[in-house]
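Reader: I want to see how the labels on this model are earned. Take me through them, value against cut-off.

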Amino acid sequence: MPVTAIVGAQWGDEGKGKVTDYLAASSQVVARYQGGDNAGHTVVCGDKVLRLHQIPSGILYPGCLCVLGGGMVVNPRSLIQEIEELRSLGAFRGKVLLSGRAHLIMPYHIMLDGAVEAKRGDAMIGTTRRGIGPAYQDRAARTGLRAYDMTLPPEQFRARVEQAVREKNVLLERVYGQQPLDAEAVAAEYTGLAAQLAPFVGDDSLAIAEALSAGAQVLLEGAQGVLLDIDHGTYPFVTSSSTTLGGALGSLGISYKEVQRVIGVMKAYQTRVGAGPFPTEQKGEVGERLRGTGQNIWDEFGTTTRRPRRCGWLDLVSIRYTARVSAFTELAVTKLDVLSGFERVRVCIAYRLGEKELRSFTPQSDVLQQVSPVYEELPGWQEPLGGIRRFEDLPGNARAYIRFIEEATGLPVSIITVGPEREQTILR
Ligand code: GDP
Ligand code: IMO
Ligand code: MG
């Protein structure tokens with residue numbers, strides 16, 4: 001059972017990129033399974049800081065097969081940019097395979113994402129405006145363009161793009177009052193991009209099956225987090241893909257029998273970017289302290305959009321839920337170092353709703369907006385943790401914090417990270 005899945009246990013930005021990069025050292029395949037360039041995964045290795053959006057976080061390892069899975073929506077324009085940037089940094093060391101089943105994000109998807117958000121007004125989701133929702137909409141409607149289409153004879157691909165743009169122009173103009181796109185210009189540009197990307201296109205399921213037969217270790221890299229999952233997240237304040245283990249297996253077409261570990265990656269506290277319920281959110285001094293000022297790379301500002309992230313205390317009610325719906329076998333707790341310096345730290349263990357105490361999470365956003373958290377207060381620690389590499393060397397109160405998480409979730413914390421660098425990692 002050589003497959004390890006890495007799944008976000010909160011609302012995204014848990015440190016999946018860092019954990020994936022760390023574990024990729026002993027893997028031959030890293031496969032992203034959903035989302036697109038809404039994701040921003042930070043990998044820090046020596047003097048290199050990579051902000052990966054679509055390329056899997058195994059790209060720094062020579063020979064590593066980096067798969068963009070069939071469940072993804074891929075933006076050809078930004079993918080080419082990302083590949084060029086990585087090449088210029090000398091960081092494009094792995095091999096890339098783009099699933100032919102992955103859907104393409106087109107310029108009209110991006111325009112529609114913005115137009116629909118603007119129309120929502122106060123009910124805005126706060127999307128990344130990368131065209132994710134509209135691209136998945138076309139996938140479900142069976143009208144999307146796929147990476148396989150980029151391997152067609154250029155004239156055929158060009159005609160398909162032109163046709164798609166003309167159809168979407170009707171919607172853009174008549175419903176959203178937008179300027180139409182120049183169908184010929186878009187088709188010409190995308191035919192050029194297709195020629196550059198076609199050599200990467202292939203069958204992800206088959207490639208992974210062959211790698212497994214040859215004895216490879218395979219990492220599945222999630223984007224976003226379970227609380228942003230289209231089915232299990234805080235709908236409608238979610239993304240449009242399946243972020244759970246189930247989504248990973250469906251996207252890539254691999255068997256559950258191959259999966260040995262499912263690592264839920266969680267921050268030592270809670271963050272969210274965009275709208276939607278967030279029971280433990282701290283709007284005052286605590287929230288600001290967790291967020292930082294934006295000067296450090298790890299401060300809580302979006303990797304993709306630079307929006308300030310909303311911050312709050314750890315919510316174990318939601319972690320128990322994400323562990324259940326995505327079958328975590330263990331947890332990775334990141335950014336424990338950020339909690340240093342608090343006199344006392346709080347952890348949410350239940351919600352109060354009127355007279356009732358809720359011990360389990362609900363994905364009903366309307367209800368979550370009304371709950372108030374029930375906290376357990378734990379003693380904090382003052383020492384900086386960035387230089388610590390062994391669990392035994394952590395301050396007693398930091399160890400007690402980790403043990404509290406383990407007891408509340410019934411899961412072992414097998415990885416703790418204490419800084420953004422690859423080696424600022426504690427294995428247990
Ligand atoms: P992802 O989307 O889940 O890959 O997470 P992001 O990269 O968007 O956000 C996580 C941020 O935290 C990045 O800036 C990382 O460099 C940083 N980071 C990851 N682990 C740690 C850690 O243990 N401590 C600190 N201080 N920063 C970390
Ligand atoms: P990574 O992989 C955090 C959020 C957006 C918005 C909602 C829907 O870096 O963890 P979308 O553009 O997907 O339609 O936006 O989801 N969101 C993320 N939040 N991390 C991400 O990715 C996110 N990708 C989308 O802010 O609330
Ligand atoms: Mg991120």
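Reader: What makes the pairing of the Glu 330 and Arg 261 side chains a polar contact?

Author: Distance, in a predicted model. The two side chains come to 2.6 Å. The cut-off is 3.5 Å between N or O atoms, with one able to donate a hydrogen and the other to accept it. So the pair of Glu 330 and Arg 261 qualifies.

Reader: Which other side chain makes a polar contact with the side chain of Glu 330?

Author: That of Ser 414, at 2.7 Å. This value is also within 3.5 Å.

Reader: Why is Glu 330 called buried?

Author: Its relative accessible area is 8%. Buried means under 20%, so Glu 330 earns the label. Glu 330 sits in strand 15, residues 330-334. Beyond its sequence neighbours, Glu 330 touches several residues, including Val 262, Ile 263, Leu 411 and Pro 412.

Reader: How do you know that Asp 13 and Gly 40 are donors of the magnesium ion (ligand 3)?

Author: Asp 13 offers OD and Gly 40 offers O. They lie 2.0 to 2.2 Å from the ion. The limit for this metal is 2.8 Å, so both count as donors. Asp 13 lies in the loop between strand 1 (3-8) and helix 1 (16-24), and Gly 40 in the loop between strand 2 (29-32) and strand 3 (41-45), so the pair ties together parts that are 27 residues apart in sequence.

Reader: Are those two donors buried or partly exposed?

Author: One of each. Asp 13 has a relative accessible area of 21%, so it falls between the 20% and 50% limits and is partly exposed. Gly 40 has 11%, under 20%, and is therefore buried.

Reader: What makes Arg 422 and Asp 21 a salt bridge?

Author: Their side chains meet at 2.8 Å, N to O. The cut-off is 4 Å, so the pair passes. Arg 422 is in the loop between strand 19 (413-417) and strand 20 (425-427), while Asp 21 is in helix 1. They are 401 residues apart, and the pair links distant parts of the chain. Both residues are buried.

Reader: Why does Glu 392 with Arg 390 count as a salt bridge?

Author: Their closest N and O atoms are 3.9 Å apart. That is within 4 Å, so the pair counts. Arg 390 also forms a salt bridge with Asp 393, at 3.0 Å. Arg 390 has a relative accessible area of 47% and Asp 393 has 40%; both values lie between 20% and 50%, so both residues are partly exposed.

Reader: How many salt bridges does a search of the whole structure find?

Author: The search finds 22.

Conventions:
Residues numbered from 1 in each chain as written. Chains lettered and ligands numbered in written order. Predicted model: local features only at pLDDT ≥ 70, side-chain atom pairs only at ≥ 80, totals over all residues. Heavy atoms only, no water. Helix = DSSP H or I, 4+ residues; strand = E, 2+ residues; numbered from the N terminus. Buried < 20%, exposed > 50% of the residue type's maximum accessible area, 1.4 Å probe, protein only. Contact = heavy atoms within 4.5 Å. Donors = N, O, S within 2.8 Å, 3.2 Å for Na, K, Ca; no water. Lists of a residue's contacts leave out its neighbours within four places in sequence.
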